[in-house]
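Subject: Structure handover

Hi,

Here is the structure I promised to pass on. Have a look at it first, and then read my notes underneath.

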Amino acid sequence: MLKVILTRMRQGYRTIKFPVGAPPAMPDFFRGRPCIKNGACAEGCPPLCDACQSACPTGAIFRASDGLGGRPGPSVDLGKCLFCLDCERACPAAAIRFTKDYRLATRKREDLVLGPAAREIKLARELDKKMKRLLGRSLKLRQVSSGGCGACEADVNVLSTIGWDIGRFGIQFVASPRHADGLLVTGPVTKNMELALRKTYDAMPGPKIVIASGSCAIAGGPYLGHEDANDGVSAILPIDLFIPGCPPHPLTVLDGLLRLVGKIQDTPRGKALRHEEEL
């Protein structure tokens, strides 16, 4: 025990200061919010080019004319996106580029659709006053892996380590749904997990919330359309927070949870950094 105490004293304070301090540097291979250069797409691509759309393995990219009023250029559904860079590599005009912006969580499914005219994602707003009064200072979550590969689960578990220490915000993961205020669901909700997920939700006392973490939980991910999966949580339960990614980085998950309970908001400096990345 003495050796452990001495080691911890030598190591010093290891928990990130975010959101009070700067967020940790993202690794070189991190892929965050995509930036769509509408002008580059219109000028550099051949007429009716569908290279990015054809390269996408989950159908996350579609033409703006399919759903956004006929404006030129691609639109990206971050709920389906695997952040695999296939579209970026396929585009002959480099019109799509993935940035380092980790802020991706939204409250509405439609807000995950990023069109050529959109410069920012409509990030998650906090809970209404009643829910924030009940859950804002102490949020207990039951995590359910509904058939995922394990990557989303691993990055969620990281938040409980000393480097992140999500408990300092009053957010904790609990073993029993009867002690939980909400569900954090990963995986595409396979047929074998559907009943278990419903029972877990029913066992929680109300009011309660549901969080879909990862592209599988939002829209099925690479299992989209599989006969043994439900293409995400929305087919089973109402969702209060969508956290896209494959898997979402721990910072993306933490950012979304803190926005939900009203402990983080965008600052002018944050918006300036986002603009610099796009340039």
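To start with, where is L85 found? It is in the loop between β3 (74-77) and α4 (86-90). Helices here are DSSP runs of H or I with at least four residues, strands are runs of E with at least two, and both are numbered from the N terminus.

Before I go on, a word on what you are looking at: this is a predicted model, so local features need pLDDT of at least 70 and side-chain atom pairs count only at pLDDT 80 or more, while totals for chains, interfaces and linings use all residues. Residues are numbered from 1 along each chain as its sequence is written, and side-chain values use heavy atoms, with hydrogens and water left out.

Back to the loops. Phi of L85 is near 75°, a positive value in a residue other than glycine. L85 is also buried, at 15% relative accessible area; buried means under 20%, exposed over 50% and partly exposed in between, with a 1.4 Å probe and protein chains only. V189 is another non-glycine residue with a positive phi, near 60°. You'll find V189 in the loop between β8 (182-186) and α7 (191-203), and it is buried with a relative accessible area of 0%.

For the overall picture, the protein chain has ten helices and ten strands. Of its 279 residues, 47% count as buried. Among the chain's contacts (heavy atoms within 4.5 Å) with a separation of 6 or more, 76% are between residues 24 or more positions apart.

Two helices are worth setting side by side. In α1 (2-11), the count of buried residues among its ten residues is zero. In α9 (residues 250-260), eleven of eleven residues are buried. What covers the buried residues of α9 includes β6 (139-145), α6 (151-157), β7 (171-173), β9 (209-213) and β10 (241-243). Each helix is followed by a glycine with positive phi: G12 comes after α1, with phi near 75°, and G262 comes after α9, with phi near 75°.

G262 deserves a closer look. It lies in the loop between α9 and α10 (268-278) and is partly exposed, with a relative accessible area of 22%. Leaving out residues up to four places away in sequence, G262 touches E126 and K132. Its C-alpha is 9.6 Å from that of R137, although the two are 125 residues apart in sequence. The C-alpha atoms of G262 and D128 are also separated by 9.6 Å, with their positions 134 residues apart along the chain. D128 lies in the loop between β5 and α5 (129-135) and counts as partly exposed, at 47% relative accessibility.

Next, the rings. A search of the whole structure finds two aromatic pairs, where rings of Phe, Tyr and Trp (its six-membered ring) pair if their centres lie within 6.5 Å; planes under 30 degrees apart count as stacked, over 60 as edge-to-face and the rest as tilted. One pair is F18 with Y102: the centres are 6.1 Å apart and the planes are at 80°, so it is edge-to-face. F18 is in the loop between α1 and β1 (34-36), and Y102 in the loop between β4 (96-98) and β5 (113-114), so the pair ties together parts that are 84 residues apart in sequence. F18 is buried at 3% relative accessible area, and Y102 is buried at 10%.

Y102 also has a charge over its ring: the charged end of R103 sits there, 5.5 Å from the centre. That label needs NZ of Lys or CZ of Arg within 6 Å of the ring centre and within 35 degrees of the ring normal. K208 does likewise over the ring of Y201, at 4.1 Å from its centre.

F18 turns up once more, in a cis peptide bond to P19 with omega near 10°. The peptide bond from C246 to P247 is cis as well, with omega near -5°, and P247 sits in the loop between β10 and α9.

Have a click around and see what you make of it!
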